[in-house]
Amino acid sequence: ATDVSVNKATKNLFKLVKTPKDMIALGEEKLKKHIKSIGLYNSKAKNIILLSKKLIKQYNNKIPKEFNELISLPGVGQKTASVYQNTILKMPRIAVDTHVFRVSNRIGIVSAKTTDLTQMQLEKVVPKKWQMIAHHLLILHGRRICKSQKPHCNNCSISSFCLYREKIN
């Protein structure tokens, strides 16, 4: 799901739901109605209810800060945990989505077969001072210039460093 579609789907939901207890009280079926415009909404609704129960039972209604605790929550993977740590907790993390994966591997910053390995490699090679904004910059570059199907290599300011451009020329 895109940020835009999630924000649109949850606008009214977050007027009703403020806490994990509120989410459980809403219930899975009503939650589905709020998020049905988002892909995989059935499994997402199930995970959100399970996540809410776990937050109450194990974390005193608070979202944990530790990476391993975050990814132990139902429906929370490395990307979501990293986005949370980066944007909310202001920790230097590089969340890897499809754009970050594509761009960082195409231009040769990393060479990895999975998003998780890409994140591990990026966090080793990108200086800490840039890790707060690195994934945002890579996402924008991937959306605007280094597109999946038809990259705009002729308009790319870093094409002279790009391994992908060398391959296609």
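The largest nonpolar core in this predicted model has 13 residues, and those with the most contacts inside it include I94, V100, V103, L122, V126 and L138. Two elements, helix 8 (98–106) and helix 11, each give two or more residues to this core. The largest share, 3 residues, comes from helix 11. Apart from this core lies another one, of 10 residues, with V17, M23, I35 and A45 among them.

V100 is a good place to start looking around. Leaving out residues up to four places away in sequence, V100 touches I94, A95, L122, H135, L138 and I139. One of these partners, H135, is found in helix 11 (residues 134–144). With the same sequence neighbours left out, H135 touches N86, R93, I94, A95 and V100. H135 counts as buried because its relative accessibility is 3%, below the 20% cut-off.

R93, one of the contacts of H135, leads us to the charged pairs. Side chains of opposite charge can pair when their charged atoms come close. The structure holds 3 salt bridges, listed here:

| Salt bridge | N to O distance |
|---|---|
| K32 and E28 | 3.8 Å |
| K32 and E29 | 3.3 Å |
| E123 and R93 | 2.9 Å |

The E123 and R93 pair ties together parts that are 30 residues apart in sequence, because E123 lies in helix 9 (residues 115–125) while R93 lies in the loop between helix 7 (78–88) and helix 8. R93 counts as buried, at 14% relative accessibility.

What links E28, E29 and K32? These residues are joined in a network of salt bridges. K32 and E28 are 4 residues apart in helix 4 (residues 28–35), so about one helical turn separates them. K32 and E29 also both lie in helix 4, 3 residues apart, again about one turn of the helix. As for accessibility, K32 counts as buried at 15%, E28 is partly exposed with a relative accessible area of 29%, and E29 is exposed at 52%.

Finally, a look at the cysteines. How many disulfides does the structure hold? The count is 0. For C153, the closest cysteine sulfur is in C162, 6.0 Å away, so the two are too far apart for a bond. The sulfur of C156 likewise has its closest cysteine sulfur in C162, at 6.4 Å, which is too far for a bond. A disulfide would need the sulfur atoms within 2.5 Å. C153 counts as buried at 14% relative accessibility, and C156 is buried with a relative accessible area of 15%.

Key:
Residues are numbered from 1 along each chain as its sequence is written. This is a predicted model: local features need pLDDT of at least 70, side-chain atom pairs count only at pLDDT 80 or more; totals for chains, interfaces and linings use all residues. Side-chain values use heavy atoms; hydrogens and water are left out. Buried means under 20% relative accessible area, exposed over 50%, partly exposed in between (1.4 Å probe, protein chains only). Contact means heavy atoms within 4.5 Å. A nonpolar core is a set of buried Ala, Val, Leu, Ile, Met, Phe, Trp, Tyr and Cys residues joined through side-chain atoms within 4.5 Å. A salt bridge is a side-chain nitrogen of Lys or Arg within 4 Å of a carboxyl oxygen of Asp or Glu.
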